[in-house]
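These notebook entries set down what I looked up in the structure shown below.

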2 protein chains.
Amino acid sequence: MLSNSSKYAIKGVIYLALNSNEDHKVMVREIYEVIHVPEAYLAKLLQELSRHHVISSVRGPKGGFYLSQEDQKRTLMDIVKVIDGEKKVNSCVMGVNTCDRSNPCVLHKLVGSNKARFISVLEHTTILDLIESKQEFEAFFPF
Amino acid sequence: MLSNSSKYAIKGVIYLALNSNEDHKVMVREIYEVIHVPEAYLAKLLQELSRHHVISSVRGPKGGFYLSQEDQKRTLMDIVKVIDGEKKVNSCVMGVNTCDRSNPCVLHKLVGSNKARFISVLEHTTILDLIESKQEFEAFFPF
DNA sequence: CATAAAAAGGATAAAAATATCTTTTAATCT
DNA sequence: AGATTAAAAGATATTTTTATCCTTTTTATG
């Protein structure tokens, strides 16, 4: 459902949400040490998100990645779309080509309603939503 | 969430449920033509299921794969466990190692409740359950 | 302006998932 | 028994995903 890459990306963005802003940018090196995602790979993922304006970045000394106010309004789905691509996320649970949300197959009914809910969560949860329950997060942060 | 392999396997088993029994075994060749899964690959998956006694098979002429009465009582999860392995299905949506159903991480709360439901469906839906709504199925069969 | 810091980009490598091919084994039917 | 059929098993190939490495570009600062 979610690729590892997407999970990594989400972890990274959460880290940024909790630890960065326009005036305090963060290097990949700092992030990967905390969230345990391979440095170079995380860099690639964050670059990709930055290219698609899901997060922000600045090169050079004192540069790094960060979330702008606007970035915080992005949803989890925005991240997943960039990393996994839209098709993959929305495709039928059973890989039935002729089957989609409007014309669901039988397993869709069984299993797909959960997927629909899952997707709905991704679409409606913003980064801001996530960090609002920051306290709870801390307990869990050693990802 | 579900690998392609698991999906293929489920499709195959559903085909068997609808078209086979102890006295009428079915060859891979017949199945793959209907459900559009690569023949040799489907064979591998069915062999694996057979080895784990999720489905039944007999070699030689008049042989093939089929579901016994007992086999029909298997759940979707039985299939998925054989093909994907248990760990993979039950692991945290976010790949958080220290996180499981009893000690959920924050994203677990958001996203994982759906996953829990999804798993519950897999665990509680038997092949028999599926084919009881056979009529609906037929509309959808060109997988 | 030189230098160093940091992301961006390109190319490559490793691992996992998916798929195919070949050989072996077992059952059935002359 | 021998021939044939079909699955089981094993070996190999391809593709996709994940991961690393190395070079280039950008930018802040001394």
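Helices, as I use the word, are DSSP runs of at least four residues, numbered from the N terminus. The model is predicted, and I took up the end of one such helix at the outset.

**Entry: α5 of chain B.** I looked up the residue just after α5(B) and found G85(B), with a positive phi of about 85°. I then turned to the helix itself, residues 76–84 of chain B, and noted that it is mostly covered, with seven of its nine residues buried. I recorded the buried residues as L76(B), M77(B), I79(B), V80(B), V82(B), I83(B) and D84(B).

**Entry: α1 of chain B.** I checked the length of α1(B) against expectation. Its 16 residues, at 1.5 Å a residue, should span 22 Å, and the end C-alpha atoms are 22 Å apart, which agrees. I also looked up burial: 13 of the 16 residues of α1(B) are buried, so this helix is largely enclosed by the rest of the structure.

**Entry: DNA strand C.** I asked which residues come nearest to DNA strand C. Of the 27 residues around the strand, these are K44(A), Q47(A), S57(A), R59(A) and P38(B). Of the strand's atoms within 4 Å of the protein, 66% belong to sugar and phosphate.

I next listed individual polar contacts.
- The side chain of K44(A) has an N or O atom 2.3 Å from a base oxygen of DNA strand C.
- R59(A) places a polar side-chain atom 2.7 Å from a sugar or linking oxygen of the strand.
- G60(A) uses a polar backbone atom, which lies 3.2 Å from a sugar or linking oxygen of the strand.

I then sorted the surface near DNA strand C by element. At least two residues each come from α3 (39–51), β1 (56–58) and β2 (64–66) of chain A, and from α1 (4–19) and α3 (39–51) of chain B. The element that gives the most is α3(A), with four residues. By class I noted 11 nonpolar, 10 polar and six charged residues on this surface.

**Entry: second largest pocket.** I looked up the volume of the second largest pocket and found about 290 Å³ of space. Its lining has 15 residues, and those closest to the centre are V58(A), R59(A), G60(A), G63(A) and G64(A). In chain A, α2 (28–35), β1 and β2 are the elements that give two or more residues to this lining. By class, I recorded six nonpolar, five polar and four charged residues in the lining.

How values were computed: Residues are numbered from 1 along each chain as its sequence is written. Chains are lettered from A and ligands numbered from 1 in the order in which they are written. This is a predicted model: local features need pLDDT of at least 70, side-chain atom pairs count only at pLDDT 80 or more; totals for chains, interfaces and linings use all residues. Side-chain values use heavy atoms; hydrogens and water are left out. A residue is near a molecule or strand if one of its heavy atoms lies within 4 Å of it. A polar contact is a pair of N or O atoms within 3.5 Å; within protein, one must be able to donate a hydrogen and the other to accept it, and residues adjacent in sequence count only if both atoms are side-chain atoms. Ala, Val, Leu, Ile, Met, Phe, Trp, Tyr, Cys and Pro count as nonpolar, Asp, Glu, Lys and Arg as charged, and the others, Gly among them, as polar. On a 1 Å grid over the protein atoms alone, a cavity is a set of points where a 1.4 Å probe fits but cannot get out, and a pocket is an open set with protein on both sides within 12 Å along at least five of seven lines; lining residues have an atom within 4 Å of a point. Grid points are joined across faces, edges and corners, and a volume is the space filled by probe spheres set on the points. The expected span of a helix is 1.5 Å times one less than its number of residues. Buried means under 20% relative accessible area, exposed over 50%, partly exposed in between (1.4 Å probe, protein chains only).
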